[in-house]
Amino acid sequence: MLPSERLISLGLELPTDIKAMGAYVVAKKVGPHVFTSGQVPMVDGKVVTGRLGAGLDVAAGREAARLAALRSLACAALAAEHIDEIREIIKVTVFVNSAPSFTDQPQVANGASEVLIDIFGDAGRHVRSAIGVAALPSNAAVEIELVVGL
């Protein structure tokens with residue numbers, strides 16, 4: 001099944017309001033790969049904000065990671081010219097806005113990993129880093145970067 005067909009079967013849509021919020025591009029195609037800029041979770045045009053372990057729990061973080069992964073995938077699909085041109089997810093980097101004592105970054109990052117595997121099947125399995133940070137732009141709960149293969 002093609003990624004576009006899996007999106008439909010899962011009841012998911014990629015965001016269409018993709019634009020850079022500064023002096024950069026949202027994704028860049030380099031040979032058979034696309035690299036995305038960091039994407040934050042958004043709902044109805046507003047950033048999902050908060051700090052994990054200080055107001056947000058793991059479930060909320062997982063949902064934020066899922067939303068940010070879909071935004072990152074939309075950026076990659078834009079650079080690739082269509083989601084069905086993406087053959088595999090190679091690497092996912094997840095930055096988690098974390099309280100000093102919060103150590104469940106990998107569980108938060110699973111929200112991103114699982115939706116990518118749902119969409120791409122085995123080709124969605126990837127290497128990953130889940131990094132706790134003191135702050136993110138706009139106080140976003142998470143920020144995600146992807147490297148995909150075409």
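Here a visitor and a guide talk through a predicted model.

Visitor: Hello! In what order do the five strands of the open sheet lie?
Guide: Welcome! The pairing in this open sheet is mixed. Its edge strands are β1 (27–30) and β8 (127–133), each pairing on one side only. Read across, the order is β1-β2-β9-β7-β8.

Visitor: How many bridges join β7 to β9?
Guide: Strand β7 covers residues 88–97 and β9 covers residues 142–149, and the two run antiparallel. As a spot to look for, Val92 stands opposite Leu146 in β9. The number of bridges joining β7 to β9 is eight.

Visitor: Which strands does helix α2 touch?
Guide: Look for residues 58–80, the helix that packs on the sheet. Its direction makes about 40 degrees with that of β9. The strands it touches are β1, β2 (33–36), β7 and β9.

Visitor: How far apart are the end C-alpha atoms of α2?
Guide: Let's start from an expectation: at 1.5 Å a residue, the 23 residues of α2 should span 33 Å. The model agrees with that, because the end C-alpha atoms of α2 are apart by 32 Å.

Visitor: Which residue just after α2 takes a positive phi?
Guide: Follow the chain to the place just after α2. The phi there is about 85 degrees, and the residue is Glu81.

Visitor: At what angle do α1 and α3 pack?
Guide: Helix α3 (residues 105–120) also lies across β7, β8 and β9. In α1 (residues 3–10), Pro3, Arg6, Leu7 and Leu10 meet Ile117, Asp118, Ile119 and Phe120 in α3. Those contact residues divide into six nonpolar, no polar and two charged. The axes of α1 and α3 are 8 Å apart, and the packing angle is about 115 degrees.

Visitor: What volume does the largest pocket have?
Guide: Its lining includes Lys19, Tyr24, Arg71 and Glu143. By class, the lining has five nonpolar, four polar and three charged residues. The volume of the largest pocket is about 160 Å³.

Technical notes
Residues numbered from 1 in each chain as written. Predicted model: local features only at pLDDT ≥ 70, side-chain atom pairs only at ≥ 80, totals over all residues. Heavy atoms only, no water. Pairing = 2+ DSSP bridges. Helix = DSSP H or I, 4+ residues; strand = E, 2+ residues; numbered from the N terminus. Contact = heavy atoms within 4.5 Å. Axes fitted to C-alpha atoms, helices over the stretch in contact; angles between N-to-C directions. 1 Å grid on protein atoms, 1.4 Å probe; cavity = no way out; pocket = protein on both sides within 12 Å on 5 of 7 lines; lining within 4 Å. Points joined across faces, edges and corners; volume = space filled by probe spheres on them. Nonpolar A, V, L, I, M, F, W, Y, C, P; charged D, E, K, R; others polar. Expected span 1.5 Å × (residues − 1).
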